[in-house]
Amino acid sequence: MKKVSLLLMVALVFFTACSDETTVFETQDNNLSLETNEQVLLNSIVYDNAGVIDLIAPTDASIAKSFGFTSNSNNNDDATNFPLTLIAQVAPPSFANGGENLTASHVDIDGNFAYVSYNTVGAVYAGGLDIINVSDPNNPRVTSRLYFTNADISALKYDGGFVYAVGGFNAELSTFAETNSFVAKISAVNGRFSTSGVLFGFQDGFVATDVDTTADAILVTSGQDGYLAVYDKLTVEIEQEVAFPDLRSVDIRDNRLALLDGSFGVRILDQNSLETNSEIPIDTDFGIAKRTVAFSGDKVIVSEGPTGAGVYNFSTGSFLERIPIALNPEGVANEDIVTNAVASNEEIILMANGGAGLCLSEAQANGLSTAIVGIIGLEGSINYVESKGDYVYAASGTQGLQIIKLNRPDASLAARCANLPAYTGSFNLNVNQGEELAFSGSRGFNNVNVNGSLLLCGSWTARNATIINSNALFEMNGNYTVGRNNRRRDIVLNQGATFRVEGNLTIFGDLILNEGATLEFIGEDSVVNIFGDVTIANSATVNGTFQDLQNKF
């Protein structure tokens, strides 16, 4: 039996080898193959659930109260500070003879590309790697895909033209794999993999669990009964190694390494000597699945399985707070309601909670505590999460990679709207006849209904329809998204209404201009992305310059 959990690290079988005799191989026993059908790559991008994402309230009322949670399931609740949209999903790879049930396991982001790893739960060894071009958030593309027919991929890291992938080989079926735990150095230039000259290195431990890199080294953890191994970045030969009982994750900060040891907690090592400088004992059952450790400012955030995420002071090791798992969904086994991974991005903390979804929390102004905002409405078991810039990338098991946009206001836009107040009102925005309202910032609404005059400056979403009634005016400067692809909602301009757009407008539904309505675009850079139809009455007008991504006008 290979594995009994989401990803990795079973202690039932052990393989022994001489850990100081590592061989580098450039042959693959036909274990690697590239996807050459461009249509397969093109069809991997799925828009079925694209659009505005709900934030779901936790079922535990005591958690909601203690963490100041505000539900958005009630139309009378305040509008959310996080107007999230799902850009697209990337379906997992699939190949015959063992690769039919791949699940997304890890994500790394570098520049315009997302690098994703896949593995298989159960006795079969099969995995894959994807490169996804995310330079255009409205049009992500899988540019390259690599299949592993005899190996799982636990984690990966892109650095300087190479992807460093780690995981577990079925060594019994390989002519060159010395042990199950491996690292592979694979050329990846301009979004394309190459199988020419792939280098493999091996170390003790049932499976390699995590990887990070420095200027001249590759750091790989393996567990159980594994090692922290430091490989030469050029030759992929082991230069240093230290044995640990059960390593799960590694992160690097200021010449120090944070190691998550499932048998103990966090160990802080000197990067050069690999000597332990300090320790953070953690009394929790880490289980046998993926867990991570990540730096966030002067804090260390640890995914601790069924107890959620623990936050610790990096310098002193003192416990600061615990962020619990906020949702206990019906029909999900207790062993699948666990925090597998954590990620931070400025003021937010994201927790990949397996069958309990992806939790978004926000650091409070005092800097001492964190408040749960909600569960992001995604499908699948969330195994891993990464966030950079305005995007969140969630590895959601059989649902593959999910690309989420935070829709934060652009800095230059925020400066132009500095004199406008931030919106703090209802989840339903109603502008009465004769009212003139103007707001800046970023919010998520349920409905928007305009009878007077409204200016929104920043990033905004609406779950349901936006109605601009007779002779009303709606102006938006920034980003505005309506509906989702599997629950389409419209923007309707009634008789004599005016909709003035400067920025990015996305409608998962129809745009309807009734008699005498006017749609006006300001500037030269506006972008319109409409997934439904555009209906324009004879006396309605469309003015200005804009880019029509779906060719609907």
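How many of the residues in strand β15, residues 217-232, are buried? Hold that thought for a second. What we've got up here is a predicted model, so please keep that in mind while I talk. Okay, the answer: 15 of the 16 residues in β15 are buried, so the strand is mostly covered.

Let's look at who sits beside it. On one side of the sequence there's β14, residues 207-213, and β14 pairs with β15 in the antiparallel sense, over six bridges. The two make a hairpin, with three residues between them. If you want a spot to click on, try T213, which stands opposite I218 in β15.

Then carry on along the chain to β16, residues 238-253. β15 and β16 also pair antiparallel, this time over seven bridges. Here the pair to find is G223 and its bridge partner in β16, D246. This is a hairpin too, with five residues between the strands, and in that hairpin V236 takes a positive phi near 60 degrees.

Now let's zoom out. The chain has three helices and 44 strands. Of its 553 residues, 59% are buried. Take the contacts with a separation of 6 or more: 51% of them are between residues 24 or more positions apart. As for the surface, the chain exposes about 20,900 Å², and carbon and sulfur atoms supply 45% of that.

Next, a sheet. There's an open one with five strands, in the order β4-β27-β26-β25-β24, and the pairing is antiparallel. Which strands stand at the edges? They're β4, at 55-56, and β24, at 341-345; each has a single partner strand, so one side of each is left without a neighbour in the sheet. For β24, look at β25, residues 348-352: five bridges join the two, and they run antiparallel. S344 is a handy marker there, since you'll find it opposite I349 in β25.

While we're on strands, a general point: in a regular strand the side chains alternate between the two faces of the sheet.

Last stop, T103. You'll find T103 in strand β6, which covers residues 103-110. Is T103 buried or exposed? T103 has a relative accessible area of 9%, and the cut-off for buried is under 20%, so T103 counts as buried. And what is T103 in contact with, leaving aside neighbours within four places in sequence? There's S117, Y118, N119 and V121, and then, from much further along the numbering, G397 and T398.

That's my tour, so over to you.

Definitions and conventions
Residues numbered from 1 in each chain as written. Predicted model: local features only at pLDDT ≥ 70, side-chain atom pairs only at ≥ 80, totals over all residues. Heavy atoms only, no water. Helix = DSSP H or I, 4+ residues; strand = E, 2+ residues; numbered from the N terminus. Buried < 20%, exposed > 50% of the residue type's maximum accessible area, 1.4 Å probe, protein only. Contact = heavy atoms within 4.5 Å. Pairing = 2+ DSSP bridges. Areas by Shrake-Rupley, 256 points an atom, 1.4 Å probe, with all protein chains shown as cover.
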